[in-house]
Amino acid sequence: MGIVINMAKFKLQELFNSKYPVIGVIHLLPLPGSPNWTGNLTNVIERAEQEAIALETGGANGIIVENFFDTPFTKNRVDTATISALTLVVSKLNEICKIPVGLNVLRNDAISALAIAYVTGIKFIRVNVLSGVMATDQGIIESCAYDLHMYKRQLMSRNDAADIKIFADVMVKHASPMGTHSDLLFSAKDTVERGLADAIIISGKATGDSANLDDAKLLHEKLPDIPLLLGSGVSEENIRNFKEFTNGIIVASSLKRYGKLENPVDADRVRKLVGLAKIRE
């Protein structure tokens, strides 16, 4: 008898209740354990709650939380105080939001993200380097797929953690691929087939930079059954071009007040972008 591997196809609509979900990003103010921590977690939580409300009332289909302002990042495991703060923030957002909440622990602490998801009951995490090797400003970051999936299996032995979906970047921004993963299609296939990602993400070279439209077309054509998310540089001007070749978007900069990264989310900007995304439906 041959080995049977469960490769059931996941669809974004199952989680986000939308054919083309708009997932808004909450960039948390500096957390304890980071160089720019100010000592006031109440401010962090209050701003995160305000941004979550703006995203939900603006019509976003999901939220993903990031410790974005914790720069400079550690490349792997974050500080224990950071994990504690993230758990508290995510738990509060999950309580007040009716839309799904996810988490990305920068730079690449997928183990902590999964643990927080398991404890708080959120349903998805983003992993910047699930498969392959990337040269980054934090140094060389290697695949975490084996450790992540073994930890997920360990959690499942105690309770069902199977519903926590893993969204993984392919050639993540602020990084350069090394070895065979410099080929986009090869990297995408490896991320799904060997890294066991539930969905893949493409982005530009840096935060706020648009992905390459030809890259989206290629992955849409060659991997039509794999959920593909646009992970950076989404705007009112380019969303029409990408909608045909992607299954959803993760967006931050375009939703901020005046489009400035350091500003909070603007509900009106959310409504406008969501309106353009819903044209697809």
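Two strands are said to pair if DSSP finds at least two bridges between them. The exercises below use this definition on a predicted model.

**Exercise 1.** Determine which residue of S3 stands opposite Val65, and how many bridges join S2 to S3.

*Solution.* Begin with the strands themselves: S2 covers residues 62-66, and S3 covers residues 101-104. Four bridges join S2 to S3, and the two strands run parallel. Within this pairing, Val65 stands opposite Leu103 in S3. The connection between the two strands passes through helix H3, residues 80-96, and this β-α-β crossover is right-handed.

**Exercise 2.** Work out which strand pairs with S3 through Phe124, and through which helix the chain gets there from S3.

*Solution.* The residue opposite Phe124 is Gly102, and Phe124 belongs to S4. S4 comprises residues 124-127, is joined to S3 by two bridges, and runs parallel to S3. From S3 the chain crosses through helix H4, residues 110-120, to S4, in a β-α-β crossover that is right-handed.

**Exercise 3.** Decide whether the residues on the two faces of S3 are buried or exposed.

*Solution.* Take one side of the strand, where Val101 and Leu103 lie, and then the other, where Gly102 and Asn104 lie. A residue counts as buried when its relative accessible area is under 20%. All four of these residues are buried, and both faces of S3 are therefore covered.

**Exercise 4.** Place the strands in the overall sheet, and state how H3 and H4 lie against this sheet.

*Solution.* Eight strands close into a barrel in the order S1-S2-S3-S4-S7-S9-S10-S11, with parallel pairing. On average, neighbouring strands of this sheet are turned by 25 degrees against each other, direction ignored. Further along the barrel order, S7 (residues 165-169) and S9 (residues 199-202) run parallel and are joined by three bridges, and the bridge partner of Asp169 in S9 is Ile201. H3 packs on the sheet, where it touches S1, S2 and S3, and its direction makes about 160 degrees with that of S3. H4 likewise packs on the sheet, touching S3 and S4, and its direction makes about 175 degrees with that of S4.

**Exercise 5.** Establish how many cavities of 30 Å³ or more the whole structure holds, and which residues lie nearest the centre of the largest cavity.

*Solution.* A search of the whole structure finds one cavity of 30 Å³ or more. The volume of the largest cavity is about 60 Å³. Twelve residues line the largest cavity, and those nearest its centre are Ser131, Met134, Asp169, Met171 and Ser187. Asp169, listed here among the lining residues, is also the bridge partner of Ile201 in S9.

Notes. Residues are numbered from 1 along each chain as its sequence is written. This is a predicted model: local features need pLDDT of at least 70, side-chain atom pairs count only at pLDDT 80 or more; totals for chains, interfaces and linings use all residues. Side-chain values use heavy atoms; hydrogens and water are left out. Buried means under 20% relative accessible area, exposed over 50%, partly exposed in between (1.4 Å probe, protein chains only). A crossover is right-handed if, with the strands pointing away from the viewer, the path from the first strand over the helix to the second runs clockwise. Axes are lines fitted to C-alpha atoms, for helices over the stretch in contact, and angles run from 0 to 180 degrees between N-to-C directions. Contact means heavy atoms within 4.5 Å. On a 1 Å grid over the protein atoms alone, a cavity is a set of points where a 1.4 Å probe fits but cannot get out, and a pocket is an open set with protein on both sides within 12 Å along at least five of seven lines; lining residues have an atom within 4 Å of a point. Grid points are joined across faces, edges and corners, and a volume is the space filled by probe spheres set on the points.
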